[in-house]
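Let's take a walk through this fold, going from the sheets to the helices that lie on them and ending with the empty space inside.

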Amino acid sequence: MPAVLGLEGSANKVGAGVVRDGVILSNRRATFVTPPGHGFAPGPTGRHHRGVLLGLVGEALSQAGLSPGDLHGIAFTRGPGMGAPLAVVAAVARTLAQLWQLPLLGVNHCVGHIEMGRLLGQAPHPLVLYVSGGNTQLIAFSRRRYRIFGETLDLAVGNLLDRFARTLQIPNDPSPGYNIEKLAERGRTLVPLPYVVKGMDVSFSGLLSQLEAMTPRLLAQGTVTREDLCYSLQETAFAALAEVTERGLALSRAQHLLLVGGVACNRRLQEMLRGMCRARGAQLCPIDERFCVDNGAMIAQAGWEMLRVGHVTQLSQSGITQRYRTDEVEVTWRD
């Protein structure tokens with residue numbers, strides 16, 4: 001029964017988790033949190049990960065009840081993501097693989113989300129809506145690739161939420177997207193905002209620009225509240241996602257929609273997609289929010305799939321890549 005240690009650290013979250021034969025044995029995570037109004041830069045984020053990752057590895061092994069001798073592989077995120085955090089995780093993974101004499105498994109971050117979703121969502125052949133801070137993609141499997149049917153043309157939806165949170169000086173703890181969601185629940189006035197859908201693709205840059213320009217004036221006039229603006233942002237952006245996802249279901253004829261990525265935790269997005277799926281006779285398969293956000297267990301699960309078919313990463317080919325599209329990966333473990 002192969003057990004794989006997975007290491008994730010493509011953005012402000014860093015994690016270590018252990019998976020054995022489809023069972024999540026452990027999942028430890030830490031988050032680099034910045035003050036309200038600030039994002040996270042690569043250098044400070046990488047230094048944060050460097051300071052906590054080995055401790056997370058120890059905690060993950062302890063929680064799993066395993067020693068290094070019980071492992072069969074070390075999986076890590078090769079990309080996409082921020083350079084400095086990725087480099088820290090890759091260095092730790094290479095070191096542990098050589099120290100413990102284990103195979104190295106370089107995982108595409110996006111594929112990690114999908115494989116964890118397939119494991120937990122009980123949807124063997126779904127259409128996938130992947131929504132996070134760095135990616136917004138509509139994906140389906142075909143001919144050994146996760147094919148991208150549609151995507152954002154500019155900002156990822158998570159980045160849209162994060163950047164508007166900075167405009168409002170909303171705290172980053174536990175996450176800006178979560179805090180926007182809580183404010184939006186109290187919103188009552190829908191402010192008209194740019195809505196851009198181009199076929200299967202979406203665009204959010206105009207939506208953000210309009211919000212950044214109008215927010216100070218509207219709040220000063222007292223015509224709307226911060227809650228109204230958060231509500232309007234979610235309703236507009238999520239409606240665009242629901243529209244292109246419905247097209248994707250019609251095109252792929254999938255019976256299941258798998259929702260993955262950090263923004264997949266948002267209850268309002270789940271509600272809108274569930275209603276759309278119900279109208280089409282499809283089923284929404286959201287996953288446990290502990291595994292929506294970036295985590296080491298999802299990298300372990302993807303690495304486990306790679307290991308069982310001998311898809312091992314050579315040390316000389318284990319460099320990180322900040323641009324690593326979902327459809328670049330040959331999915332050798334699926335027919």
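Before we set off, keep in mind that this is a predicted model. A handy place to start is with the sheet that takes in the N-terminal strands. Here five strands form an open sheet, and reading across it you meet them in the order β3-β2-β1-β4-β5, with mixed pairing. At the edges you'll find β3 (23-31) and β5 (104-108), each of which pairs on one side only. From one strand to the next, the twist averages 20°.

Now zoom in on β1 (residues 3-8) and β4 (residues 73-79). These two run parallel and are joined by four bridges. If you want a residue pair to look for, try Gly6, whose bridge partner in β4 is Ala75. Two helices to look at next both pack on this sheet. Helix α2 touches β1, β4 and β5, and its direction makes about 160° with that of β4. Helix α9 (residues 296-308) touches β1, β2 (13-20), β3, β4 and β5, with its direction at about 130° to that of β1.

Stay with α2 for a moment, as it has a helix partner too. Helix α1 (residues 42-64) and helix α2 (residues 83-100) pack with their axes 8 Å apart, at an angle of about 35°, and their crossing is right-handed. On the α1 side, the residues in contact include His49, Arg50, Leu53, Leu54, Val57 and Leu61, while α2 brings in, among them, Val88, Val89, Val92, Leu96 and Trp100. What classes of residue make up this contact of α1 with α2? It has twelve nonpolar, four polar and one charged residues.

On to another sheet. This one is also open and has five strands, in the order β8-β7-β6-β11-β12, again with mixed pairing. Why do β8 and β12 (283-286) each have one side without a neighbour in the sheet? They stand at the edges with a single partner strand each, so nothing in the sheet sits beside them on the other side. Ignoring direction, neighbouring strands here are turned by 25° against each other on average.

For a closer look, follow β11 (residues 256-260) alongside β12: they pair in the parallel sense over four bridges. Leu257 has Leu284 in β12 as its bridge partner. Lying across β6 (127-131), β11 and β12 is helix α8 (residues 267-280), which runs at about 155° to β12.

Finally, the empty space. How many cavities of 30 Å³ or more does a search of the whole structure find? It finds two. The largest has a volume of about 50 Å³, and its lining includes Leu129, Thr136, Gln137, Leu138, Met200, Val202, Leu241 and Val244. The elements giving two or more residues to that lining are β7 (136-142), β8 (145-151), β10 (201-203) and α7 (226-252); β7 gives the most, with three residues. Sorted by class, the lining of this largest cavity has six nonpolar, four polar and two charged residues.

The second largest cavity holds about 30 Å³ of space. Around it you'll find Pro194, Tyr195, Val196, Ser203, Phe204, Leu207, Thr236 and Ala240. That lining divides into six nonpolar and two polar residues, with no charged ones.

Terms used: Residues are numbered from 1 along each chain as its sequence is written. This is a predicted model: local features need pLDDT of at least 70, side-chain atom pairs count only at pLDDT 80 or more; totals for chains, interfaces and linings use all residues. Side-chain values use heavy atoms; hydrogens and water are left out. On a 1 Å grid over the protein atoms alone, a cavity is a set of points where a 1.4 Å probe fits but cannot get out, and a pocket is an open set with protein on both sides within 12 Å along at least five of seven lines; lining residues have an atom within 4 Å of a point. Grid points are joined across faces, edges and corners, and a volume is the space filled by probe spheres set on the points. Ala, Val, Leu, Ile, Met, Phe, Trp, Tyr, Cys and Pro count as nonpolar, Asp, Glu, Lys and Arg as charged, and the others, Gly among them, as polar. Axes are lines fitted to C-alpha atoms, for helices over the stretch in contact, and angles run from 0 to 180 degrees between N-to-C directions. A crossing is left-handed if the near helix is turned anticlockwise from the far one by less than a right angle, and right-handed if clockwise. Contact means heavy atoms within 4.5 Å. Two strands pair if DSSP finds at least two bridges between them.
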